[in-house]
Amino acid sequence: MSVQSAAADVDVDLRQLFASLARNWLRILVVTLVVTGAAFAFASTATRHYKAQAQVEIIPRESVYTRPAGNNDTDKPILDESGIATQVQIISSNDILKQVAQKLDLAKLPEFDEAAGMSSLSRLLVLVGLKSDPMDVPVDERVLKKMREKLNVYGVEKTRIVAIEFSSQDPTLAAAIPDAIAAAYIAGQGTAKLESNAAAADFLAPEIADLQQQVKAAEAKVATYRAQSDLLMGGNNSVLATQQLAELSSELSKVRGNRASAEATADNVRKVLRNGGSLDTVPEVLASDLIQRLRERQVELRSNIADLSTTLLGNHPRIRALKSQLADLDAQIRGEAEKIIKGLMAQADTAKARESQLVADVNTLKAASARAGEQQVDLDALQRDAAAKRQQLELYLTNYREAASRQDRKYLPVDARISSKASVPSEPYFPKVLPIVSAAFVASLLIMAIVTLLQELFSGRAMRPAAGARFEPIDEVAMPVVRQEPAALQEMGEHPPEAVVEPDKASMPDTTAMPDTVAPDTAEVPGMVAMPEAVPAERRAAEPEPARSRLGEIDIEKAAEKLIASGAARAIFVSPEGDEAAASAVLVAREVSDAGLRVLLLDLTASGAASRPMLDSGLFPGITNLLASEAQFTDVIHADLYSDCHVIPVGTADPVRAMRAADRLPIIMQSLTTAYDLVVVECGPADAQGIGRLAGDATEVLLSMLEPDDEVAQAAVKLIENGYPDLTLVTPLGHEPPGNPVPGRRSAA
């Protein structure tokens, strides 16, 4: 059985698809104009709505001249996105809307109170319980609900502006309500500041009285402790003991430095005298006036000795006298150096004694300073407490004076202002006639075009066989003559002609014969089959002999078993004896369906002989409606009243119109074989050429017969010699369907 998808054998004919728009232009235009007219009527008769907008700027309004002295950046309002969003919620709060509704008396307007202008129909609906009674809801809630539906408050992006939009049927009211909301918001902010200022003043007054007492007590504690601890303050706001300790420490350091310097100088001079070195390198020796005079006299004597040595010898009395004086001068200089050493040592001893005294005084002051430090810590704590309370008192006094002055003068600037008042709109924002009509025209035109294209596509009219899927006609090729076996013909009950021709199966023309009731120009209408013409004896004598085939007559059960066992996807029934023999196809289809397979019977007879017993009527849409694009698959497939089999009847469409889509019959057969396990086709008295369009993979051809007469034998021979040697003869005689039929079992496939 073939399970190939029909979508693989068909293509979309775009030309045919879009040509449907031209064929249905009148319907598209009429629907478009109707929808456009309805939109124009709606836009013309709809209630006019007007919209106005007021703007509020969120900005600090405190003047530089009235700003409190202690005001800083933390006192400014938060103007970020969250702050603006908060103000938006405050503006649209219930309190402000209630104030506006009471001020403008909106409860008396039917636009804001549904109960104020209820029609008789609305009252009737309320009485019968089909509509809730608006009187059950309080008036304020009804008005607020309507106001919120018409109100739109939002922050303008990247600004500190809050826009207040309101729509109403009355343009004056549409402008008055946003202004009233903005004014109520400003007044509410001012009232909130007044309340906050009054609360601050009421809080500060008793706090200031308490702080004054606390400051007085704290300062008294400081004075009492200072007197008890005898903490005398010196320079630089420090305790006297600490200041004296610092001075003595400085003097002690100086004394220690002098002592160390004197001792070092004495040691240096002593070392020079001991080693016999020159005293000129000692700064203290050179600083002595006596030693300087002696050094000058020594230099003078050496000069005289040098002058006399040029004329006198070294033992001359004069020279000897001068040398003696020079030696005395050296002794005097050394003596003076010894005296300097003694003075330095005395100075060092004095410094050491002073150092010892200062160390004792410093130790005494250390103990006193430690005690004073501890007392100073306690004193500082008391002073800090008194200073903090004094500072808090001063701050409270400043704030209280500011609050009292603002409360008396009623000056509390609000951090917002109305930057733009709402103006009375002159044109309604809804309905806009031109945009609504244009949108309705474009939308209806587009929808109708899409619906037309989809209808054309789903109906199958825009489908065509894919390349290679259509049978191409070829020329017939004559085959050698083969003599037919007499035994086979005797089984059929007649003597065959002398010779028949079996052309190749691929050479069958892709046409379908017409029934007797249709004119010759409609000979290719699918499903309307006719008897084949007789072949002249001269032609039969010249044609080759067909392939050998033996035929045996079987009943309905055997035919059903054969179709199930062979896995056939299509079973084509030919009934040369007319409508009475079409019962074989119906019985076989029901038999296979009862075996559990999905079976569909396609009725291609001219009179609907196969489908009428299954549907009890010939007025159902069928294959001709499908070919004529008047119905879809779901419209033409019906359920058998007496089995699980499905059936497609002949239909009610014009056969001439259906003939024009004869090329779609192979596509329809392929689609049906994909959806069903077996498709049974009743062709009536058709020939081999008539069933050529219906054959395909896994196809079985069966000949339905009531009596083995000449007509049946001739039809069998024609089918065998035209490419169907495996022909099966089926007779409905002697078959009794099991059980009783159950009428009324009808369902759409």
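The following exchange examines two nonpolar cores and a nonpolar surface patch in a predicted model.

User: Why is Leu445 called partly exposed?

Analyst: Leu445, which is found in helix 12, has a relative accessible area of 37%. Buried means under 20% and exposed means over 50%, so with 37% Leu445 falls in between and is called partly exposed.

User: What makes Leu445 eligible for a nonpolar patch on the surface?

Analyst: A patch residue needs over 30% relative accessible area, and the 37% of Leu445 is therefore enough on that count. Leu445 belongs to a nonpolar patch together with Trp25, Leu26, Leu29, Val30, Leu33, Val34, Phe441 and Val442, with about 830 Å² of accessible area together.

User: Which helices supply at least two residues of the nonpolar patch?

Analyst: Helix 2 (25-45) and helix 12 (433-459) each do so, and the largest share, six residues, comes from helix 2.

User: What makes Ile623, Ile691 and Leu703 stand out in the largest nonpolar core?

Analyst: Of the 38 residues in that core, these three touch the most other members. Among the elements that each supply at least two residues of this core are strand 8 (570-574), helix 18 (623-627) and strand 13 (699-704), while the largest share, five residues, comes from helix 22.

User: Which residues does Ile691 touch, not counting residues up to four places away in sequence?

Analyst: Ile691 touches Ile572, Val574, Cys683, Ala686, Val701, Leu719 and Tyr724, where contact means heavy atoms within 4.5 Å. Apart from this core lies another, of 28 residues, among them Val56, Val88, Val153 and Ala182.

Methods
Residues are numbered from 1 along each chain as its sequence is written. This is a predicted model: local features need pLDDT of at least 70, side-chain atom pairs count only at pLDDT 80 or more; totals for chains, interfaces and linings use all residues. Side-chain values use heavy atoms; hydrogens and water are left out. A nonpolar core is a set of buried Ala, Val, Leu, Ile, Met, Phe, Trp, Tyr and Cys residues joined through side-chain atoms within 4.5 Å. Buried means under 20% relative accessible area, exposed over 50%, partly exposed in between (1.4 Å probe, protein chains only). Helices (H or I, at least four residues) and strands (E, at least two) are DSSP runs, numbered from the N terminus. Patches are made of residues with over 30% relative accessible area and no salt bridge: like charges are joined within 9 Å, nonpolar side chains (Val, Leu, Ile, Met, Phe, Trp, Tyr) within 5 Å. Accessible areas come from the Shrake-Rupley method with a 1.4 Å probe; for residues, only the protein chains shown count as cover. A salt bridge is a side-chain nitrogen of Lys or Arg within 4 Å of a carboxyl oxygen of Asp or Glu.
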